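Here are my notes after a first pass through this one. Have the coordinates open as you read, and tell me where you'd push back.

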Amino acid sequence: MSRQQFSKCPPIAVDDEVYEIRQCLYSVPEEFFLKEEPVPDEQCLSVTLSTVSSGGVPAVPSYTRLEDLFDLGAISPEVIDKLCFTEMMLISAGGESAEESALVGGLAIQVESIADEVIAVFCSSQFSMGDDKAARSELLALTDRQLSPFQERKSETVQDGDFLQEKQLQLYFDEDQNVTAVRHETIGDKTETCHGVLEGHQEGILIPDGLNVLFMRYLMVTDFTGELHTRTIDITGRVGHSIYQITNAIPTKVNGDIHDIKQVIRTIYYDDTEEPEVSVSHYFTDGHLQSHTWNNSKYYLTMNRVSEMSLDMEDMCTTMQVYLEELARLLEGTPKDVTPARSTDVIRGVLSEIMNAETSYDNPFHVHKDPPPPCPDSMELKTSPVGLPASDPPCYLPQRTGNSDVHPLSKPMGPIGPWATGRVDWGALSGQTGTRPVVDRYSITRYSVDEWRQRNADTIDACASTVIKSEKIEHDSRNTIIRTYAITDKNQADCTQSLHGRAKTIDDMKSELERAIKAMQDEISTLEEQRRRLKQSLAVLRMPEAIATECLERRTGRPDTELIRDRPEEELIREIALIAEIRSILLKTLSEIESQQVQNRAARQRMEFDWSDKKMAHENDAINCNLTNKSTITLFRPGATRCPSEQSTEIYWEKFSKETLTMCATCRMQSHALRNTLDAILMNAARDLRSQADSVERALADRISCMEEVRQKLEIDLLTTLQRLADTEIQIDKLKVAIRNMDHAMKVVQTRLDNRNQRPRVENCRDQSQLLLIAEVKSIEEGLSAMNAQLRQEEEVKNELMNRRGELEKEIMMKRRTIAIDRDRCQLLRSHFPSATALSGY
């Protein structure tokens, strides 16, 4: 199997000396470097993975395009939202148990959608390797919304005291998924740079580490199961084949809770190594990583169980967040925020910054920075408009030798001449005393030239003062307008920012309410299912009660001598009592569930009302956030600053919202506890009923077995009795025949005696024969008496045997009837006894 060919940059020149860079610590494959001449593109071979490969790679489905793998076309926004996440992992060393392992570092992963066009993956990790040796890595990957990568950067740094080793890999993807790779490696004070090109769509999809994060989360979210083959590239530039084996979700206990966990075994094959690299990952079904281990490393990743992270981890997460925010600003074209200074001088200079800042476009004096108007004291009146020397006043102003306030007249105004006489009564105080002016026949004169000049000077001075006052007022007005607009703009911006914050707070609370409403709705649905289950269990409970009652009624039909209080009778009575007790408990629980459902629905309704109010408030604040001075929907609203009497405070709002959520959580916990109680009740009830049913069935079986044994014994006794009765009847017949046969002997002996008694006189002698004959008669009579006595006994025994036969036949009949009731009726009925699953309501 061929590899892609890379080109090597020229050696680096330092201080006019060329240093040859040698590899150390991390080996780089020979294919990463180009020989003397670059290999043409026609010679860059790529072979599709076959069934038998040279590297021992097993044959699994291979894909050359992400579209073939996903087979979904455009990825929906819902899936994109599920792919975006933030996760913290712990890096441990040693054994997998808590006693054997030690926490050495952490890993932060953040995936965000930027500008609705780019998905950014940022991973950062750092951990201690012992003996003042630490490692750190960072990874940034950028893909489009179809998960097609176009850039990825990865760096790894190992710090061992003063010795630093750093490796970097940058990948650039074009439209045809051809990859340009640039690799940097720094060991101490030596640096090496290499670059190369990988042809796309030749031996499967190239999924580097950054895309692998999105790739695995997508497979978990879409519930993919099976095997996949892709290509990968490590930070040293090695290109290998990656085999994924993804199993079905298996319920696993994690931190005391049961979760569905999927296992992913990833095997990477490289040509320069015989043993593949194997890693095992465990994912939750929502895509979060639970654990990750490597076959050739003592380090492994676990989910974060630490509530507070170290400062280094927090700095790492903050750096990651800032980096992504900067990237988002760069992609969206938004300006970078300027962080305000915190010094006292800046705080004191806020007003001056507002005065000198650029105003809004609504300000009629909108300029970037107006130059300050000239100071009135520095304004100078041009006193020589006709070009006279500045030292000589104009002719219309008081002169140095005139009659004025500054230069009083040396003499009063007199007549012009003898030809123009008049009454001269003018003086310096004529303007104040109101004396009559000089009057002659040619003219009437009221004021002198010096007074006219003084009046001109007074008028000009008054006009200049008024102009200066007007300019000062104009300057103050301009500054007031600028200050007012600047303060208004600042206040409006602060209010807008405050409204944005308030809208976000309301939206967050509304989101919490949505989650709580959904959780409560799920709880209501679950509790309703449990209620239906309970009612089903109550309905099924009628069957064992009917069976037990029917069995008791059937057993009352046993014969009188079999109406005994045996063990089956007692077990059936216990079963009926147990059923009655369970029914009362289930009815009480049903009443509690219905009451809890009312509380759940009331809590949900309260949250829905609160959510509706917050939705309206959020929409109102959203409208207010978007209002500007150019908005066309703004109006004067008199009385808007008055606070309504029913208006609440922010503290009460927060308290009310939290009380609503707390009440909902409490109600949901009570409902959950009630469901757990119901599960325990149904489980225990089903177990008790099945145990009692088994006891009844065992008692019936034992009773039937005992009755069968008695019946068999009685039948054997009946057969024996019948046999003895037949033998007795035969013996009676024999005795009767024997008694009848003794008549012949009696006749013979009596005939002999009677014949001997007929002997004559002396011959009729009581001789020995006579005595023997008499003795024979006596013996026959004794024998007949004995046989008659035996006959009577045999007759008595016969009658007694016949009575016993009747009794046995009656007992056998009653036993058979009892057995028929217990076996053919009761056991048949109990064969329909519900199972534990049916008794549990399922």
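Leaving aside its neighbours within four places in sequence, which residues is leucine 219 in contact with? Phe224, Leu228 and Ile246 are what you should find around leucine 219 once those neighbours are set aside. Keep in mind throughout that this is a predicted model.

1. The overall picture. We're looking at a protein chain of 842 residues, 35% of them buried. Its secondary structure comes to twelve helices and 20 strands. If you take the contacts between residues at least 6 apart in sequence, 64% of them link residues at least 24 apart. The chain exposes about 51400 Å², and 53% of that is supplied by carbon and sulfur atoms.

2. The largest core. Back to leucine 219: along with Val111, Leu214 and Met216, Leu219 is among the residues with the most contacts inside the largest nonpolar core, which has 38 residues. Several elements supply at least two residues each, including helix 2 (77-83), strand 4 (85-94), strand 5 (101-114), strand 13 (239-246) and strand 18 (299-303). Helix 3 gives the most, with eight residues. As general background, nonpolar side chains in soluble globular proteins tend to be buried together.

3. A second core. Separate from that one, there is another core of 29 residues, and Leu541, Leu590, Ala685 and Phe833 are included in it.

4. Just past helix 3. Have a look at aspartate 223, which sits in the loop between helix 3 and strand 12 (226-233). Its phi is near 60°, a positive value in a residue that isn't glycine. Is aspartate 223 buried or exposed? Aspartate 223 counts as exposed because its relative accessibility is 53% and the cut-off for exposed is over 50%.

5. A salt bridge across the sequence. Lysine 154 and aspartate 209 pair through their side chains, with 2.4 Å from N to O. Lysine 154 belongs to strand 8 (residues 149-160) and aspartate 209 to helix 3 (residues 209-221), so this pair ties together parts that are 55 residues apart in sequence. The two ends fall into separate burial classes: lysine 154 is buried, at 18% relative accessible area, whereas aspartate 209 is partly exposed, at 24%. The line between those classes is drawn at 20%, so I wouldn't read much into the labels alone.

6. A salt bridge within one helix. Glutamate 619 and lysine 615 also meet in a salt bridge, at 2.5 Å from N to O. Both are in helix 9 (residues 567-626), four residues apart, or about one turn of the helix. Glutamate 619 is partly exposed at 38% relative accessibility, and lysine 615 is partly exposed too, at 32%.

7. One more pair, and a network. The side chains of arginine 759 and aspartate 767 form a salt bridge at 3.8 Å, N to O. Aspartate 767 is partly exposed, with a relative accessible area of 25%. Elsewhere, Arg555, Arg558, Asp566, Glu569, Arg703 and Asp822 are joined into one network by salt bridges that share partners. How many salt bridges are there by this rule? The count comes to 50.

Note on methods: Residues are numbered from 1 along each chain as its sequence is written. This is a predicted model: local features need pLDDT of at least 70, side-chain atom pairs count only at pLDDT 80 or more; totals for chains, interfaces and linings use all residues. Side-chain values use heavy atoms; hydrogens and water are left out. A salt bridge is a side-chain nitrogen of Lys or Arg within 4 Å of a carboxyl oxygen of Asp or Glu. Buried means under 20% relative accessible area, exposed over 50%, partly exposed in between (1.4 Å probe, protein chains only). A nonpolar core is a set of buried Ala, Val, Leu, Ile, Met, Phe, Trp, Tyr and Cys residues joined through side-chain atoms within 4.5 Å. Contact means heavy atoms within 4.5 Å. Accessible areas come from the Shrake-Rupley method with a 1.4 Å probe; for residues, only the protein chains shown count as cover.
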